[in-house]
Amino acid sequence: MRTKTSVYNHVKRLGRAAELNDNLWMCYSASGASFMFAGKELNVIFLGDDRCEMQGMEENLARMKVYVDGVCTHDFMMDEREKRISIIKADAREHHKIQVLKVSESAMSTCAIHSFETDDDASIHPLDMRERY
């Protein structure tokens, strides 16, 4: 059985990502979230804005990238109102640093991280804040 977890309290926001109605919305390029994941399975559910359903807007969709331990594992366009991306699927518990980034400009649409689906024993923690000089 999987559990859904609210996003905002479990991630470190990157750039100008903002919470709205329990979703983490990303407008600007390089906005997103980073977190540590420990578990067997992780799915991220993304929400697209109105442009993902408009005809002729294929060039103006939000483009997303997901990095696992610094390696880009997913590069996709938000061409659906809701999109489920499988990030981790393992037989045994694993520990990974996950980063989710919007890489398109704000004129090219917005999207949100809506929720996480995980195995029951999984944990998600925000990355620590970096010390600034």
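These notebook entries record what I looked up in the structure.

**Entry 1. Overall layout**

I noted at the outset that the model is predicted. I counted the secondary structure elements and found 10 strands and zero helices in the chain. Along the sequence the pattern reads β-β-β-β-β-β-β-β-β-β. I then looked up burial and found that 45% of the 133 residues are buried. For the surface, I recorded about 7700 Å² exposed by the chain, with carbon and sulfur atoms supplying 47% of it. I also checked how far apart in sequence the contacting residues lie. Of the contacts between residues at least 6 apart, 75% join residues at least 24 apart.

**Entry 2. The nonpolar core**

I turned next to the largest nonpolar core, which has 26 residues. The residues with the most contacts inside this core include Phe35, Phe46 and Phe116, along with Leu42, Ile87, Ile98 and Ile113. Which strands each supply at least two residues of the core? I listed S4 (23–26), S5 (31–48), S6 (63–68), S8 (82–102) and S9 (111–119). S5 gives the largest share, six residues.

**Entry 3. Strand S9 and its partners**

I examined S9 and found eight of its nine residues buried, a mostly covered strand. S9 pairs with S5 in the antiparallel sense over seven bridges. Within that pairing, I identified Phe116 as the bridge partner of Val44. S9 also pairs with S4, again in the antiparallel sense, here over three bridges. Met26 stands opposite Cys111 of S9.

**Entry 4. Asn23, a polar residue in S4**

I looked up Asn23, which lies in strand S4. Is Asn23 buried or exposed? I entered it as buried, because its relative accessibility is 8% and the cut-off for buried is under 20%. I then searched for a polar partner and found His114: the two side chains are joined by a polar contact of 2.6 Å. Beyond its neighbours within four places in sequence, Asn23 is in contact with Ala18, Leu47, Ala112, Ile113 and His114.

**Entry 5. Aromatic pairs**

I searched for paired aromatic rings and recorded two pairs. In one of them, Phe35 and Phe116 are tilted, at 5.0 Å centre to centre with 55° between the planes. This pair links distant parts of the chain, since Phe35 is in S5 and Phe116 is in S9, 81 residues apart. I checked the cover on each residue: Phe35 is buried, with a relative accessible area of 0%, and Phe116 is buried at 0% relative accessibility.

The rings of Phe46 and Phe76 have centres 5.3 Å apart and planes at 65°. I classed this pair as edge-to-face because the angle of 65° is over the cut-off of 60 degrees. Phe46 lies in S5 and Phe76 in S7 (residues 71–77), so the pair ties together parts 30 residues apart in sequence. Phe46 counts as buried at 0% relative accessibility, and Phe76 is buried with a relative accessible area of 10%.

**Entry 6. The surroundings of Phe46**

I returned to Phe46, one of the residues with the most contacts inside the core. Which residues does Phe46 touch, not counting those up to four places away in sequence? I listed Met64, Val66, Phe76, Met78, Arg81, Glu82, Lys83, Ile85, Val100, Ala112, Ile113 and His114. Among them, Ala112, Ile113 and His114 are also contacts of Asn23. His114 is, in addition, the residue whose side chain makes the polar contact with Asn23.

How values were computed. Residues numbered from 1 in each chain as written. Predicted model: local features only at pLDDT ≥ 70, side-chain atom pairs only at ≥ 80, totals over all residues. Heavy atoms only, no water. Core = buried A, V, L, I, M, F, W, Y, C linked by side-chain atoms within 4.5 Å. Buried < 20%, exposed > 50% of the residue type's maximum accessible area, 1.4 Å probe, protein only. Helix = DSSP H or I, 4+ residues; strand = E, 2+ residues; numbered from the N terminus. Contact = heavy atoms within 4.5 Å. Pairing = 2+ DSSP bridges. Areas by Shrake-Rupley, 256 points an atom, 1.4 Å probe, with all protein chains shown as cover. Polar contact = N/O pair within 3.5 Å; in protein donor to acceptor, adjacent residues only side chain to side chain. Phe/Tyr/Trp six-rings, centres within 6.5 Å; stacked < 30°, edge-to-face > 60°.
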